[in-house]
Amino acid sequence: MVAAILEFGRALESGRLAPSQTAETLLRRNPFALLLAILLDQGVPAERAFQAPQTLHERLGHLDPARMAGDEPGVLRAMSARPMPHRFPAVGTRWIVRAASRVSEELDGDVRRLWADRPTARALQARFEAFDGIGQKKAAMAVEILARDFAVPLDEMSGSDVAVDVHVRRVFMRTGLSASDSIDDIVRAARELHPLRPGELDVPVWMIGRTWCRPRSPKCSSCPISWACPSSTSYPQSAEDLVALRAPATLAARKRAPVARVGAGKDVSRNP
Ligand code: SF4
């Protein structure tokens, strides 16, 4: 199973994070924009969260942490105008203003200071978790995005983790990778299954959960790990079946697999 998941994950390209190219460019150029997207990736589809920094930039005219820290009413107006960047504008505003204040005062306005000293994956996850509004899921996701999509050098990726949300939880449970759906047990299972880099399981498992392993009627016949999944309704019955099934199923699935981490426009909330 783990080999199948990793094989699928390595075949995925590092794709776009935001739905629009403008928002994507902002995320790539402005690490504070990326922090805002991570903060807001809760309770809404990931596409909406990763588009939000661009919307805020357009409405505020800037994404300056110092100015945002001192202008909570302005941030709230930008968060409350329709279309709203987040369904809970007041909570989102609180997270944003507190993060802006912390970045401004403790990081000299530069979010990159969080990882400039090449921290271990675990240390960086802890730094993200110190922000109001960021828990295990968002912090682990941030580490994986930085390492995978931004090629930020980090030490000891053995300390990375899966970002446990509804999709990751469902796939771990349904495939038997974890016997319990608690965050701690799933994180522990991932560490045991892929000790060199547990976080590498995150993107492919999340993608499988949101695309094929849906809550009802999982699409096992087209799932890219169907050939290895013990819960697959298309699970091969014999070694001959496996040989016959594996290559075409995997190739076909790759052709259908979206390359972006977000962007398929479905129910992609990364809520725990
Ligand atoms: S084969 Fe079916 S049960 Fe297994 S992960 Fe894929 S969709 Fe889920």
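In the predicted model, Ala151 is placed in the loop between α9 (136-148) and α10, and its phi lies near 50°, a positive value in a residue other than glycine. With 8 C-beta neighbours inside 10 Å, Ala151 counts as exposed. A second case of this kind is Arg118, which has a positive phi of about 50° although it is not a glycine, and which is found in the loop between α7 and α8 (121-129). Arg118 likewise counts as exposed, because 11 C-beta neighbours lie inside 10 Å and a residue with 12 or fewer falls in that class. Most residues other than glycine have a negative phi, and most peptide bonds are trans. With regard to the peptide bonds, a cis bond joins Arg82 and Pro83, with omega at about 0°; Pro83 belongs to the loop between α6 (72-80) and α7 (89-106).

These loops are set in a protein with 13 helices and zero strands, so that, from the N terminus on, the elements run α-α-α-α-α-α-α-α-α-α-α-α-α. Of the 272 residues of the protein, 46% count as buried. Among the contacts with a separation of 6 or more, 65% are accounted for by residues 24 or more positions apart.

The largest nonpolar core holds 74 residues, of which Leu36, Ala37, Leu39 and Val162 touch the most other members. Helix α3 (residues 31-40) gives this core its largest share, nine residues. Since domain 1 (2-14 + 158-256) and domain 2 (21-156) both contribute residues, the core lies between them. When residues up to four places away in sequence are not counted, Leu36 touches Ala52, Pro53, Leu56 and Ile96.

Leu35 is also found in helix α3, and this residue is buried, because 27 other C-beta atoms lie within 10 Å, where 20 or more are required. Leaving aside neighbours within four places in sequence, Leu35 is in contact with Ala99 and Val111. For the second of these partners, the C-alpha atoms of Leu35 and Val111 are separated by 7.8 Å, although the two residues are 76 residues apart along the chain.

Further along the chain, helix α10 (residues 166-174) has as its buried residues His167, Val168, Arg169, Val171 and Phe172, and these buried residues pack against α11 (183-193) and α12 (202-211). An α-helix has 3.6 residues a turn, so residues three or four places apart point the same way. The buried set of α10 includes His167 and Val171, as well as Val168 and Phe172. After α10 comes Gly176, whose phi is positive, near 80°.

The surroundings of the ligand were examined last. Of the 15 residues around the ligand, Cys213, Cys220, Cys223, Cys229 and Ser232 come nearest. By class, the shell around the ligand is made up of nine nonpolar, four polar and two charged residues.

Terms used: Residues are numbered from 1 along each chain as its sequence is written. This is a predicted model: local features need pLDDT of at least 70, side-chain atom pairs count only at pLDDT 80 or more; totals for chains, interfaces and linings use all residues. A residue is near a molecule or strand if its C-beta atom, placed from the backbone, lies within 6 Å of it. Ala, Val, Leu, Ile, Met, Phe, Trp, Tyr, Cys and Pro count as nonpolar, Asp, Glu, Lys and Arg as charged, and the others, Gly among them, as polar. A nonpolar core is a set of buried Ala, Val, Leu, Ile, Met, Phe, Trp, Tyr and Cys residues joined through C-beta atoms within 7 Å. Helices (H or I, at least four residues) and strands (E, at least two) are DSSP runs, numbered from the N terminus. Domain bounds come from an automatic or database domain assignment. Two residues are in contact if their C-beta atoms, placed from the backbone, lie within 7 Å.
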